[in-house]
Amino acid sequence: MAEPLRLLTEEMPTPIGDLVVVSDEAGHLRAVDWVEDMAGMERLLSRHYGAGGFVLRPAPGRTAHREALEAYFAGDLHAIDDLPTATGGSPFQRQVWQALRRIPCGETISYATLARRIGRPAAVRAVGLANGANPIAIVVPCHRVIGADGSLTGYGGGLPRKRWLLAHESWRGTAPELPLGD
C-alpha cells in the first residue's frame, strides 16, 4: 500500500475570516479554504486522494504560501499569481482550474465564457460543477466567475466573501469592508 500524502496545514486570519492553507512537502499548494468549512475540505481531499490517502499535520513554520496570501490580502494582488499548485481531480476539472488561473485579477467572466475558453462551449454546467469543486480558493480564483447576466452566483465561502474579493481585486485605495448579508 502506498504511503499517504503528507499535507501541512496552517491557519491564517484574513479580513473576511480565517483560512486553512494546505501544502505538500514538495512545496505545492493543495488546498485553501475557510476554517469553518474544514470538514468539507477534508471530504474534498478524500475524494481527490482517497480515504486514508493523506495525513494532515501542522506546518512546522510559516510557509511561502501563507506569506503570499498575506501579501495578497494586504494589497499585493499579484503575490499569489505564481504559487505552485498540485491537485487531484479529473483531467476536466484540472483543465477548468488551470483556466481559472488565467482570468486576470480584477476581471470576471461567465461560466459560458470559461467553457468556450477551454474549447468545450456546451459544457457550461460541467464547468460550473468543476468551478465549485475547486480545492484552492482565492489562488485558483473561482470567485472571478459570475452568471451570464453579470450576477454573482454561488461561492463556497459565501456571496459576501465573493463580493469582498472582487472589490479587493479592483480597489484603488482603501480595502473594502465585508458587506453584511447576501
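Cys142 is buried in this predicted model, with a relative accessibility of 9%. The UniProt record, an unreviewed entry, lists Cys142 under "active site". This residue is found in the loop between α5 and β6 (145-146). The points below begin with that loop and then turn to the pocket, the nonpolar cores, helix α6 and the annotated domain.

**The loop between α5 and β6**

- Setting aside neighbours within four places in sequence, Cys142 is in contact with Leu100, Asn131, Asn134, Tyr155 and Lys162.
- Ile138 also lies in the loop between α5 and β6.
- Ile138 has a positive phi of about 70°, although it is not a glycine. Most residues other than glycine have a negative phi.
- Ile138 counts as buried because its relative accessibility is 0%, and buried means under 20%.
- Val139 is found in the loop between α5 and β6 as well, and it is buried, with a relative accessible area of 5%.
- Not counting residues up to four places away in sequence, Val139 touches Leu29, Leu69, Ile80, Leu83, Thr85 and Arg101.
- Val139 and His65 are 74 residues apart along the chain, and their C-alpha atoms are separated by 9.7 Å.

**The largest pocket**

- The volume of the largest pocket is about 390 Å³.
- Its lining consists of 22 residues, and those nearest the centre of the pocket are Asn131, Gly132, Ala133, Asn134 and Gly156. Two of the residues named here, Asn131 and Asn134, are also in contact with Cys142.
- By residue class, the lining divides into ten nonpolar, nine polar and three charged residues.
- At least two lining residues are supplied by each of β3 (29-34), α1 (38-49) and α5 (124-132).
- The largest share of the lining, four residues, comes from α1.

**The nonpolar cores**

- The largest nonpolar core has 40 residues, and those with the most contacts inside it are Phe73, Val96, Leu100 and Ile138.
- Two or more residues of this core come from each of β2 (19-24), β3, α2 (64-74), α3 (91-101), α4 (111-117), α5 and α6 (159-169).
- Of these elements, α3 gives the most to the core, with five residues.
- Val96 is in contact with Leu114, Ile118, Val127, Ala130 and Asn131, leaving aside its neighbours within four places in sequence.
- A second, separate core has eight residues, among them Met41, Leu45, Tyr49 and Phe54.

**Helix α6**

- Helix α6 is mostly covered, as eight of its eleven residues are buried.
- The buried residues of α6 are Pro160, Arg161, Lys162, Trp164, Leu165, Leu166, His168 and Glu169. One of them, Lys162, is in contact with Cys142.
- The cover over the buried residues of α6 includes β3, α2 and β6.

**The annotated domain**

- According to the UniProt record, an unreviewed entry, residues 12-86 are covered by the annotation "domain: Methylguanine DNA methyltransferase ribonuclease-like".
- Over residues 12-86 the chain is 31% helix and 24% strand, and the end C-alpha atoms are 20 Å apart.

Terms used:
Residues numbered from 1 in each chain as written. Predicted model: local features only at pLDDT ≥ 70, side-chain atom pairs only at ≥ 80, totals over all residues. Heavy atoms only, no water. UniProt positions renumbered as here; feature names shortened; annotations may be inferred. 1 Å grid on protein atoms, 1.4 Å probe; cavity = no way out; pocket = protein on both sides within 12 Å on 5 of 7 lines; lining within 4 Å. Points joined across faces, edges and corners; volume = space filled by probe spheres on them. Nonpolar A, V, L, I, M, F, W, Y, C, P; charged D, E, K, R; others polar. Core = buried A, V, L, I, M, F, W, Y, C linked by side-chain atoms within 4.5 Å. Buried < 20%, exposed > 50% of the residue type's maximum accessible area, 1.4 Å probe, protein only. Contact = heavy atoms within 4.5 Å.
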